[in-house]
Amino acid sequence: TGSGSAFRGIFLAGGRYDVGTITGNQIGSLDGSSTITFIESSTGAFAAIYDFTSSSNPISNNRIGAITITGIGTGTGGFRGILLNTSSAATATLNNNQIGGSGAGAITDNLIGAYAMYAIQNSLANVSATGNIIQNISGNSNFANTIVTSGMVLTGTGIVGPNTISQNVIHSLSNNSGAASNSIYGLYCSFPAT
């Protein structure tokens, strides 16, 4: 899970926020000019932007890239570009974010272990996700029977209206699974029938 994040680039603990709509934030870089190396020494995920509020916060125009996860940890943390752990009564707006650059701006987890790498993960709120670019994410997860890499994992239980997922670009996701049977999904959605 992402809740035990050991690295948080931007952490929203409570209240209302607008993350990047006027001026986008940069965590790492898309061209490799500014890199982040996360040395995992215990269990805990890398979360570039983590929204733990109960509010409907817009998260837009942010750039996340050139991230390498390595170290001596057990490899159970993984990576989350944008992690939403908000409220089923909220609506998260995710527009024009870019997670992963080309070449030197890639996101890589070098550890072998049971973890997942999700560019965007949402488990409660309704979501409006438009114009996001997700690319060049690779890992070495041997987590069996699991989606180990995904551009978006959207499993909201939102109660305030429809979810909108439109005009997003997701490509170049990979994982060296070894003998483990697991999956890579560009986009995974599971919403209530209502």
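Here is a quick tour of the chain as a whole, followed by a closer look at a handful of its residues. Keep in mind that this is a predicted model. In short, you are looking at a chain with 18 strands and zero helices, and 47% of its 194 residues count as buried.

**The chain as a whole**

- The secondary structure is quick to sum up: 18 strands, zero helices.
- The radius of gyration is 15 Å, which agrees with the value near 16 Å that a compact globule of 194 residues would have.
- If you lay the C-alpha trace along its principal axes, the spans come out at about 40 × 35 × 30 Å.
- Take the contacts between residues at least 6 apart in sequence: 85% of them join residues at least 24 apart.

**Surface and charge**

- The chain has about 8000 Å² of accessible surface, and carbon and sulfur atoms account for 50% of that.
- Charged side chains come to 4 positive and 5 negative, with 7 Å between the centres of the two sets.

**Ser 29: a buried loop serine**

- Look for Ser 29 in the loop that runs between strand E2 (26–28) and strand E3 (36–40).
- Is Ser 29 buried or exposed? Its relative accessible area is 2%, so Ser 29 is buried, the cut-off being under 20%.
- The Ser 29 side chain has a polar atom 3.0 Å from the backbone nitrogen of Gly 32.
- That side chain also reaches the backbone nitrogen of Ser 33, this time at 3.1 Å.
- Setting aside residues up to four places away in sequence, Ser 29 touches Ser 34, Gly 65, Ala 66 and Gly 105.

**Phe 38: a buried strand residue**

- Strand E3 is also where you find Phe 38.
- Phe 38 has 11% relative accessibility and therefore counts as buried.
- Beyond its neighbours within four places in sequence, Phe 38 has contacts that include two other phenylalanines, Phe 7 and Phe 46.
- Ala 6, Gly 44, Thr 68, Ile 69 and Thr 70 are also in contact with Phe 38.
- From Phe 38 to Ser 172 the C-alpha separation is 22 Å, with their positions 134 residues apart along the chain.

**Asn 61 and Asn 62: two asparagines in one loop**

- Asn 61 sits in the loop between strand E5 (58–60) and strand E6 (63–65), and Asn 62 is in the loop between E5 and E6 too.
- Asn 61 is partly exposed, at 25% relative accessibility, while Asn 62 is buried, with a relative accessible area of 1%.
- Phi of Asn 61 is positive, near 65°, in a residue other than glycine.
- Which backbone atom does the side chain of Asn 62 reach? The partner is the backbone oxygen of Ser 60, at 3.1 Å.
- Leaving out neighbours within four places in sequence, Asn 62 is in contact with Val 19, Gly 20, Gly 24, Asn 25, Ile 49, Asn 96, Asn 97 and Gln 98.

**Ser 172: another positive phi**

- Ser 172 belongs to strand E17, which covers residues 169–175.
- Its phi is near 60°, again a positive value in a residue other than glycine.
- With a relative accessible area of 42%, Ser 172 is partly exposed.

**Val 127: a strand residue with no accessible share**

- Val 127 lies in strand E13, residues 126–130.
- At 0% relative accessibility, Val 127 counts as buried.
- The C-alpha atoms of Val 127 and Ala 92 are 4.8 Å apart, although 35 residues separate the two along the chain.
- Ala 92 is also one of the contacts of Val 127, along with Leu 94, Asn 122, Leu 154, Asn 163 and Thr 164, when neighbours within four places in sequence are left aside.

**Ile 159: an exposed loop residue**

- Where is Ile 159 found? Look in the loop between strand E15 (147–154) and strand E16 (164–166).
- Ile 159 has a relative accessible area of 64%, so it is exposed, the cut-off being over 50%.
- Apart from residues up to four places away in sequence, Ile 159 touches Ser 88, Ala 89 and Asn 126.
- Ile 159 and Ala 45 have C-alpha atoms 28 Å apart, at positions 114 residues apart along the chain.

Technical notes
Residues are numbered from 1 along each chain as its sequence is written. This is a predicted model: local features need pLDDT of at least 70, side-chain atom pairs count only at pLDDT 80 or more; totals for chains, interfaces and linings use all residues. Side-chain values use heavy atoms; hydrogens and water are left out. Helices (H or I, at least four residues) and strands (E, at least two) are DSSP runs, numbered from the N terminus. The radius of gyration is taken over C-alpha atoms; the globule rule is 2.2 Å times the number of residues to the power 0.38. Buried means under 20% relative accessible area, exposed over 50%, partly exposed in between (1.4 Å probe, protein chains only). Contact means heavy atoms within 4.5 Å. Accessible areas come from the Shrake-Rupley method with a 1.4 Å probe; for residues, only the protein chains shown count as cover. Lys and Arg count as positive and Asp and Glu as negative; His and the chain ends are not counted. The place of a charge is taken as NZ of Lys, CZ of Arg, CG of Asp or CD of Glu. A polar contact is a pair of N or O atoms within 3.5 Å; within protein, one must be able to donate a hydrogen and the other to accept it, and residues adjacent in sequence count only if both atoms are side-chain atoms.
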